[in-house]
Amino acid sequence: MNQELHHPSEPEVTETVPVFGYELLRDILIPGLLGKDTAEISYWAGKHLARKFPLLSLEEINSFFEEAGWGKMLLLEESKNELKIELSGKMVLRRFHMLSDPCFRLEAGFIAEQIQSQKQTVTEAYDEVNKKKNKVVITVRWDKRDRISD
């Protein structure tokens, strides 16, 4: 009666993490450990994650966001040295409903590092949270004169 749980020729099934488990870590445990430094450390953690998962385009970043449960990206504006990106989706909306002060610094840091790598110029990003409209816009800025040296 022994049956193999996973047959080697079958593709491996991806498990999904319950939203509650994600929220326990992201919105309760980590802020409890980091306290007032949560936003700052989250930004640098996002940059660190981006270095582990280098992506080649905004489309790839958007796919990563959707797969990670960070939301969907909508490019609002693009100029020679700035992007404005709105995050939306069920998880983003849920964070607005569950938290009095949702923080999107992890996402901002991740996008900043990805764009910095893509453009090879020093890049920073910040999140603008509008609680009344349940919206977050991440503004990404770079200076083409401030090149990354290898």
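1. A residue is called buried when its relative accessible area is under 20%, exposed when that value is over 50%, and partly exposed in between. By this criterion, buried residues account for 35% of the 150 residues in the chain. The model under review is predicted, and the remarks below should be read with that in mind.

2. Overall architecture. The chain contains five helices and four strands. Their order along the sequence is α-α-α-β-β-α-α-β-β. Of the contacts between residues at least 6 apart in sequence, 59% join residues at least 24 apart. The chain exposes about 10300 Å², and carbon and sulfur atoms supply 55% of that area.

3. The nonpolar core. The largest nonpolar core has 25 residues, and those touching the most other members are Ile-61, Phe-65, Leu-87, Phe-110, Ile-111 and Val-140. At least two residues of this core come from each of helix 2 (38-52), helix 3 (58-68), strand 2, helix 4 (90-98), helix 5 (105-119) and strand 4 (135-147). Helix 5 makes the largest contribution, with six residues. As general background, nonpolar side chains in soluble globular proteins tend to be buried together.

4. Surroundings of Val-140. Leaving aside residues up to four places away in sequence, Val-140 touches Asn-81, Glu-82, Leu-83, Ile-85, Ile-111, Ile-115, Thr-123, Glu-124 and Ala-125. One of these, Ile-111, is also listed with Val-140 among the core residues that touch the most other members.

5. The strand 1 and strand 2 pair. Strand 1 (residues 72-79) and strand 2 (residues 82-88) run antiparallel and are paired over seven bridges. The connection between them is a hairpin of two residues. Within this pairing, Glu-78 lies opposite Leu-83 of strand 2.

6. Helix 1 and its nonpolar patch. Which residues make the nonpolar surface patch of about 690 Å²? The patch is formed by Phe-20, Leu-24, Leu-25, Ile-28, Leu-29, Ile-30 and Leu-33. Phe-20 belongs to helix 1 (residues 19-34). Phe-20 is classed as exposed because its relative accessibility is 55%.

7. Salt bridges from helix 1. The structure holds 13 salt bridges. One of them joins Glu-23 to Arg-94, with the closest N and O atoms 2.3 Å apart. This pair connects helix 1, where Glu-23 lies, with helix 4, where Arg-94 lies, across 71 residues of sequence. Glu-23 has a relative accessibility of 7% and therefore counts as buried, whereas Arg-94, at 34%, counts as partly exposed.

8. A second link from helix 1. Arg-26 forms a salt bridge with Glu-107, and the closest N and O atoms are 2.8 Å apart. Here helix 1 is tied to helix 5, the partners being 81 residues apart. Arg-26 is buried because its relative accessible area is 14%, and Glu-107 is buried with a value of 1%.

9. A link between helix 2 and helix 5. The side chains of Arg-51 and Glu-113 meet in a salt bridge of 3.4 Å, N to O. Arg-51 is in helix 2 and Glu-113 in helix 5, 62 residues apart. Arg-51 is partly exposed at 48% relative accessible area, while Glu-113 counts as buried at 10% relative accessibility.

10. A shared network. Arg-26, Asp-27, Arg-95 and Glu-107 are joined into one network by salt bridges that share partners. The pair Arg-26 and Glu-107 discussed above thus reappears in a wider set of charged residues.

How values were computed
Residues numbered from 1 in each chain as written. Predicted model: local features only at pLDDT ≥ 70, side-chain atom pairs only at ≥ 80, totals over all residues. Heavy atoms only, no water. Patch = residues over 30% accessible without salt bridge, like charges linked within 9 Å, V, L, I, M, F, W, Y side chains within 5 Å. Areas by Shrake-Rupley, 256 points an atom, 1.4 Å probe, with all protein chains shown as cover. Salt bridge = Lys/Arg side-chain N within 4 Å of Asp/Glu carboxyl O. Buried < 20%, exposed > 50% of the residue type's maximum accessible area, 1.4 Å probe, protein only. Pairing = 2+ DSSP bridges. Core = buried A, V, L, I, M, F, W, Y, C linked by side-chain atoms within 4.5 Å. Contact = heavy atoms within 4.5 Å.
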